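Okay, everyone, thanks for coming. I'll put the structure up and then walk you through a few spots in it.

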Amino acid sequence: MNINQTERDAVYKTIFSRRDVRAEFKSDPIPDDVLGRILKAAHHAPSVGFMQPWDFIVVKNQQTKEKIKHGFELAHAQSAAMFTDDKSQSYKKLKLEGILESPMGICVTCDRSRNGPIILGRTIKPEMDLYSTVCAIQNLWLAARAENIGIGWVSIVHDDVIKEALQIPDDINIVAYLCVGYVSHFNDQPDLEKHGWLARRPLESAIHFDSWNNHSDNK
Ligand SMILES: Cc1cc2c(cc1C)N(C[C@H](O)[C@H](O)[C@H](O)COP(=O)(O)O)c1[nH]c(=O)[nH]c(=O)c1N2
């Protein structure tokens, strides 16, 4: 099944307008059928040995979200102290989560023992199950964008806080806590770029031909 030009344009529009959302969430609930489409997209991600190691915990309970927000605040304070003075000041000004503003959270986990112990494709690089889970997260992110729903990944929180809040078994890895909700708007550039934290690298600096550091196409 080929993708035609109109469909291709829509895919690239979704990719290039995807944003990490923190401050623009609205409280509008997400209909079950929309959530279902987004999670189905996540569940159709590639996975090493077709392991499908992911699970999606949908979080709507206010007390649970408040526990996770508190965990973020503790981790955020620890993190601010890791930067040098001026960077630490800039860091403290950044909004880096929308845990309570978003109507929903989705915790994405990886069961590293699923369908194991020997998994095709994972025999040499065991971390491929974690990478597979991140593929599901990116599918989820793009599907959400196509539904005009914002996603904000919050990694500044210790796993034990989320494990306790969501009763996640010890042997299950937490890969992401995502804030999910409709938004007032999508910014046209990353917040971190807009606030001068880092700029997007030139694409050319990320492309090498035949060996590292060979950026010119000498073929
Ligand atoms: C693995 C991982 C973990 C995080 C993120 C992303 C990814 C991939 N990002 C979002 C990140 O800052 C954002 O993607 C970049 O700044 C680029 O912006 P856009 O996503 O293009 O809007 C993110 N953002 C944030 O505000 N708090 C966070 O804890 C994190 N953590």
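So, start with Arg37 and Glu147: their side chains meet in a salt bridge, 2.6 Å from N to O. What parts of the chain does this pair link? Arg37 is in helix α2, residues 32-43, while Glu147 is in the loop between α5 (128-146) and β3 (149-154). That puts the two residues 110 apart along the chain, so the pair links distant parts of it. Keep in mind, by the way, that this is a predicted model.

Is Arg37 buried or partly exposed? With a relative accessible area of 42%, Arg37 counts as partly exposed. Glu147 is partly exposed as well, because its relative accessibility is 22%, and the cut-off for buried is under 20%.

If you're new to this, here's the general idea: side chains of opposite charge can pair when their charged atoms come close.

Okay, next pair. Asp129 and Arg112 also meet through their side chains in a salt bridge, this time at 2.7 Å from N to O. Asp129 belongs to helix α5, and Arg112 sits in the loop between β2 (104-111) and α5. These two are 17 residues apart, and again the pair links distant parts of the chain. Now look at how covered each partner is. Asp129 has a relative accessible area of 0%, so Asp129 is buried. Arg112, at 28%, is partly exposed.

How many salt bridges does the structure hold? The count is 13. Some residues join up in a network, too: Lys69, Lys95, Glu97 and Glu101 are linked that way by salt bridges.

One more pair, and this one takes us to the ligand. Asp20 forms a salt bridge with Arg22, with 3.1 Å between the closest N and O atoms. Both Asp20 and Arg22 are buried, and both are among the residues around the ligand.

Who else is there? The rest of that group is Arg18, Arg19, Leu96, Trp153, Val154, Ser155, Ile156, Pro190 and Leu192. By type, the shell splits into six nonpolar residues, one polar and four charged.

Let's zoom in on a few contacts. Arg18 has a polar side-chain atom 2.8 Å from an oxygen atom of the ligand. For Arg19, an N or O atom in the side chain lies 2.6 Å from a ligand oxygen. Leu96 does it with its backbone: an N or O atom there is 3.0 Å from a nitrogen atom of the ligand. And how much of the ligand does the protein bury? Taken alone, the ligand exposes 620 Å², and the protein buries 72% of that.

Now let's head out to the surface. Val11, Tyr12, Ile15 and Phe16 make a nonpolar patch of about 410 Å². Phe16 lies in helix α1, residues 5-17. Phe16 has a relative accessible area of 63%, so it counts as exposed.

Last stop: Glu164, in helix α6, which covers residues 159-166. Its relative accessibility is 44%, so Glu164 counts as partly exposed. Where is Glu164 relative to Leu142? They're 22 residues apart along the chain, and their C-alpha atoms are separated by 29 Å.

That's my tour. If you want one thing to look at again afterwards, pick the Arg37 and Glu147 salt bridge and trace the chain from one partner to the other.

Key
Residues are numbered from 1 along each chain as its sequence is written. This is a predicted model: local features need pLDDT of at least 70, side-chain atom pairs count only at pLDDT 80 or more; totals for chains, interfaces and linings use all residues. Side-chain values use heavy atoms; hydrogens and water are left out. Helices (H or I, at least four residues) and strands (E, at least two) are DSSP runs, numbered from the N terminus. Buried means under 20% relative accessible area, exposed over 50%, partly exposed in between (1.4 Å probe, protein chains only). A residue is near a molecule or strand if one of its heavy atoms lies within 4 Å of it. A polar contact is a pair of N or O atoms within 3.5 Å; within protein, one must be able to donate a hydrogen and the other to accept it, and residues adjacent in sequence count only if both atoms are side-chain atoms. Accessible areas come from the Shrake-Rupley method with a 1.4 Å probe; for residues, only the protein chains shown count as cover. Ala, Val, Leu, Ile, Met, Phe, Trp, Tyr, Cys and Pro count as nonpolar, Asp, Glu, Lys and Arg as charged, and the others, Gly among them, as polar. Patches are made of residues with over 30% relative accessible area and no salt bridge: like charges are joined within 9 Å, nonpolar side chains (Val, Leu, Ile, Met, Phe, Trp, Tyr) within 5 Å. A salt bridge is a side-chain nitrogen of Lys or Arg within 4 Å of a carboxyl oxygen of Asp or Glu.
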